[in-house]
Amino acid sequence: DNNISVVSVEHHRKEKEDEEESIEMTDQQNNIENMTENQNKKRDIATSEMLKQYLLRPQDVVMIKRVGAGAFGEVFKGTCMGELVAVKTMIDVTEANVREFKAEIVLTAT
């Protein structure tokens, strides 16, 4: 009978350790997800700050002719402050699309 009690106690101790380890792993995963989310927010803020210096007044942009369509919307031949440019538009304005659009702008500008 003593052997059964010892095995039972040992089994419950092992279950408790496994449960605590599982909780610790979940906490670590949550911490990693929070860190990633915070890094994404910081990147988005930095991108927004960088793009602010390039904001244009609508009256400085003239759309001349539709030349095609891209992933976000139509693309026009146009001018901006006298310079020939491509004007990209966005049809479905969502937070995710704006984030991707900004990333595309940064990528093509560098």
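Just 12% of the 110 residues in this chain are buried. Keep that in mind as we walk through the model, which is a predicted one.

**The overall layout**

Let's start with the big picture. The chain has two helices and three strands. Going along the sequence, they come in the order α-β-β-β-α. How much surface does the chain expose? It comes to about 9,300 Å², and carbon and sulfur atoms supply 56% of that area. As for contacts between residues at least 6 apart in sequence, 25% of them join residues at least 24 apart.

**How confident is the prediction?**

The mean pLDDT of the chain is 78, and 85% of the residues reach 70 or more. Which parts sit at the two ends of the confidence range? Helix H1, covering residues 2-52, has the lowest confidence, with a mean of 69. Strand S1, covering residues 61-69, has the highest, at 94.

**Salt bridges**

The structure holds four salt bridges. Here are some of them, with the distance between the N and O atoms and the exposure of each partner.

| Salt bridge | N to O distance | Relative accessibility of each partner |
|---|---|---|
| Asp60 and Arg57 | 2.9 Å | Asp60 15%, Arg57 48% |
| Glu74 and Arg66 | 2.7 Å | Glu74 31%, Arg66 45% |
| Glu95 and Arg99 | 3.4 Å | Glu95 65%, Arg99 34% |

Take the pair of Asp60 and Arg57. Asp60 counts as buried because its relative accessible area is 15%, and the cut-off for buried is under 20%. Its partner Arg57 has 48%, so Arg57 is partly exposed.

In the pair of Glu74 and Arg66, Glu74 is partly exposed at 31%, and Arg66 is partly exposed at 45%.

Now for Glu95 and Arg99. Where do these two lie? Both are in helix H2, which spans residues 95-109. They are four residues apart, about one turn of the helix. Why does Glu95 count as exposed? Its relative accessible area is 65%, and exposed means over 50%. Arg99, at 34%, is partly exposed.

**Around Asp60 and Met81**

Back to Asp60 for a moment. This residue lies in the loop between H1 and S1. What does Asp60 touch, leaving aside its neighbours within four places in sequence? It is in contact with Thr79, Cys80 and Met81.

Met81 deserves a look of its own. You'll find Met81 in the loop between strand S2 (74-80) and S3. Its phi angle is near 50°, a positive value in a residue other than glycine. Is Met81 buried or exposed? With a relative accessible area of 57%, Met81 is exposed.

**A nonpolar patch on the surface**

Which residues form a nonpolar patch on the surface? They are Val62, Ile64 and Leu84. Together these residues have about 290 Å² of accessible area. Leu84 sits in strand S3, which runs over residues 83-88. At 60% relative accessibility, Leu84 is over the 50% cut-off and therefore counts as exposed.

**More from helix H2**

Helix H2 has a couple of other residues to check out. One of them is Asn97. Is Asn97 buried or exposed? Its relative accessibility is 19%, so Asn97 counts as buried. The side chain of Asn97 reaches the backbone oxygen of Asp92 at 2.7 Å. Not counting residues up to four places away in sequence, Asn97 touches Phe72, Met90 and Asp92.

Glu100 is in helix H2 too. At 47% relative accessibility, Glu100 counts as partly exposed. How far is Glu100 from Phe72? Their C-alpha atoms are separated by 9.2 Å, and the two residues are 28 apart along the chain. Phe72 has now come up twice: as a contact of Asn97, and as a residue whose C-alpha atom is 9.2 Å from that of Glu100.

**Putting it together**

To recap, the chain follows the pattern α-β-β-β-α. Asp60 pairs with Arg57 in a salt bridge and also contacts Thr79, Cys80 and Met81. In helix H2, Glu95 and Arg99 are salt-bridge partners, while Asn97 reaches the backbone oxygen of Asp92 with its side chain. And on the surface, Val62, Ile64 and Leu84 make up a nonpolar patch.

Key:
Residues numbered from 1 in each chain as written. Predicted model: local features only at pLDDT ≥ 70, side-chain atom pairs only at ≥ 80, totals over all residues. Heavy atoms only, no water. pLDDT = per-residue confidence, 0-100. Patch = residues over 30% accessible without salt bridge, like charges linked within 9 Å, V, L, I, M, F, W, Y side chains within 5 Å. Areas by Shrake-Rupley, 256 points an atom, 1.4 Å probe, with all protein chains shown as cover. Salt bridge = Lys/Arg side-chain N within 4 Å of Asp/Glu carboxyl O. Buried < 20%, exposed > 50% of the residue type's maximum accessible area, 1.4 Å probe, protein only. Polar contact = N/O pair within 3.5 Å; in protein donor to acceptor, adjacent residues only side chain to side chain. Contact = heavy atoms within 4.5 Å.
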